[in-house]
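Trainee: Could you take a close look with me at one part of this model? I would like to follow the side-chain pairs around a single aromatic ring and then see where they lead.

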Amino acid sequence: MAKINVLDKQTAELIAAGEVVDRPCSVIKELVENAIDASSTNITVEIQNGGILFMRVSDNGYGISSEDVKTAFLRHATSKISDKDDLDSIMTLGFRGEALAAISSVSRVEVITKTKNSLCGTHYRIDGGSEVVFEETGCPDGTTIIVRDLFYNTPARMKFLKKDVSEGNAVAAVVERVALTHPEISFKFIRDGKTVLNTAGDGKLKSAIYDVLGRDFVSALIPVSNELNGIKIEGYVSKPIMCRSNRNGQYFILNGRYIKSGTLTAALEQAYKNSVMTGRFPAAVLQLTVPYSAVDVNVHPSKIEVRFSDEKRIFDCAYYGVKNAIAEKDVRPSVNLSKHFPERMTSEQYKQMAFGVLKDEIKPTVVDGVTSTSGLSRSTNFCADFGKKTAEPQTYKEIIDIVKTSINTDISVSDINIESDIVNSAVVINKSSEPTIRQVDSIDETGGHISPAGSQTVTEDTLQKAVDDYDLIELVGEVFKTYIIARKNDSIFLIDKHAAHERILFKQLKAEKKPAKQYLLTPSAVEMSAEEFDAVEACLDTINERGFDIEVFGETALLVRAVPSALVNVKPDELVLEMAGNIISKRTVDIEKLDWLYETIACKGAIKAGDTTSHKELGELAQKVLEDNEIMYCPHGRPVAVELTKKEIEKLFGRIQ
């Protein structure tokens, strides 16, 4: 048996240093956290060559007294805790007393520090754990720590460092996270002589997000605020339409400490379920405040992972906070057409273009001695037809005129062809559950609307009620047999009819306790693999509760007798095989987690893109979408409607600036 030896101090310190310091970013993390614990309001971080050759962290905190400077570099020397009971309620970022000792053992460290009440400061230098200089010096209040030649005495670790650019990016990520964590502190980050980050330090989280993550990130955020059972969560999450392809935009802050938490990640993504597409992840900056005694931060050397005493309380607070924020504060996506069209022409540009076109198009031709200018004739006819379009109601009087023509009438709608030159009909939907459809194509000489023959006399009370119910939801038409064009007040909406109908069905299915069944004339037998059969058979009772009637039909076959009434046109065998695949991938039979089943039923039963849809159905879909703010996304996360405002259109045509 080999002899057991006690390691010398230097070797033991090098091993211990590896637990805390593995690359430049870990050095910066420890030094910045110490600066924060020192009640600093301004912190500057500077690196060169990715931090391998030079790192400097300066702060304006309360500094280190001259008699404590040497002690600070001893292992387990700390001012944050004094006994084991303090571990139950740690309120600082650092507390183990390992950082300075670990850093100084693998680099050349220089400290310049001064407390507020001292007449002069202290200059201390230590190389590889050995003291070199200790003297008085003049300096401002606070502490500056300079680290040079990281791992100069441990070449084995040096070879595992990455390129300067990669190490510098890792340092930048640490500084950005800390800046988000403490918006009340102004952070400045200098990289190879260039300032790349400078936060305001005004205490506002949104300001820190703007400085660190940029304007585009801030413009897509929704505020979150919730308090539950003594736990508080605040911050911002991204709009569902602006989710990302990875989780890099998720920042969780616990009592002023950046952490990674599977509980918070699960709560965040669960809150976005059915509002975001598969493979997309929400971005978030969330600050969680919990009692210090309810969390253990002493479970990992880097202190980036923590343990909660009650995971469910944390999950519920985050989940309901984010879920409610999305439901209340998310808005429909809008279109900025000005990005896709040229800027407004000058009068000279227009003249050149117009007269150039006329010169090319109006070419006189001589037929049997008669000169013809057909191009001019076409232009004249177009101008003559241009003023024939019906103006939309804009004033209270015009609305009353329209209401008078629509009360107690039953007029059908002619087909609307949105691709024709002039649209001669319109559909207006009232707030009532059954849409009222009217056709406006009759105007008297004074511009007023003529009531159709046979309409009854309208009383003032009836008229006022009708005006109050008038919501200016107008069905304009449909394009590509896929998108509904509707107008509500001063906005035009493009509505995906499949996504809209799918979300409506999904909402109805979740609300129904016993969905209606449609029995098949001939039951359908479905053959499947043993794995698929076992998956469906294990949760057959749950599936049958959702509107199906399926029974075992042999060793690996099922017999489908009924499906939900929304699925009458769906092939039962394809549907059951799809459900089997979903069960295998989800690995759950919990009815509360079977949203995928509702998604399948809604998707299969919804109107398809390319289907011929009546104007009444289009009107009903438009009404439900525009009057229910919960119908924002289909169950797979695609947007249902896109908004284009009147203001945006007027800016496009130069009517307003």
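Which residue has its charged end over the ring of Phe134, and how far is it from the ring centre?

Mentor: Happy to. This is a predicted model, with local features needing pLDDT of at least 70 and side-chain atom pairs counted only at pLDDT 80 or more, while totals for chains, interfaces and linings use all residues. Residues are numbered from 1 along each chain as its sequence is written, and side-chain values use heavy atoms, leaving out hydrogens and water.

The residue you are after is Lys70: its charged end sits over the ring of Phe134, 4.5 Å from the centre. The rule asks for NZ of Lys or CZ of Arg within 6 Å of the ring centre and within 35 degrees of the ring normal.

Phe134 also has aromatic company, forming one cluster with Phe73 and Tyr124. Rings of Phe, Tyr and Trp (its six-membered ring) pair if their centres lie within 6.5 Å, and the planes decide the type: under 30 degrees apart is stacked, over 60 is edge-to-face and the rest are tilted. Over the whole structure, a search finds 5 aromatic pairs. In one of them, the ring centres of Tyr124 and Phe134 are 5.7 Å apart with planes at 80 degrees, so this pair is edge-to-face. Tyr124 belongs to strand S4 (residues 121-127) and Phe134 to strand S5 (residues 130-137), so the contact ties together parts 10 residues apart in sequence. Strands here are DSSP runs of E with at least two residues, helices are runs of H or I with at least four, and both are numbered from the N terminus.

The two partners differ in burial, where buried means under 20% relative accessible area, exposed over 50%, and partly exposed in between (1.4 Å probe, protein chains only). Tyr124 is buried at 4%, whereas Phe134 is partly exposed at 34%. Another edge-to-face pair joins Tyr319 and Tyr320, at 5.0 Å centre to centre and 75 degrees between the planes. There, Tyr319 is buried at 17% and Tyr320 is partly exposed at 42%.

Now for a second charge over a ring: Arg108 lies over the face of Tyr152, 4.0 Å from the ring centre. Arg108 also meets Asp149 in a salt bridge of 3.0 Å, N to O; the term needs a side-chain nitrogen of Lys or Arg within 4 Å of a carboxyl oxygen of Asp or Glu. Asp149 is in the loop between strand S6 (142-148) and helix H5 (155-158), and Arg108 is in strand S3 (residues 108-114), so the bridge ties together parts 41 residues apart in sequence. Both ends are partly exposed, Asp149 at 29% and Arg108 at 28%. Together with Arg125 and Asp127, Arg108 and Asp149 are linked in a network of salt bridges.

The count for the model comes to 16 salt bridges. One of them joins Arg56 and Glu46 at 2.6 Å, N to O. Arg56 sits in strand S2 (residues 54-59) and Glu46 in strand S1 (residues 42-48), so this bridge ties together parts 10 residues apart in sequence. Arg56 is partly exposed at 28%, but Glu46 is buried at 14%.
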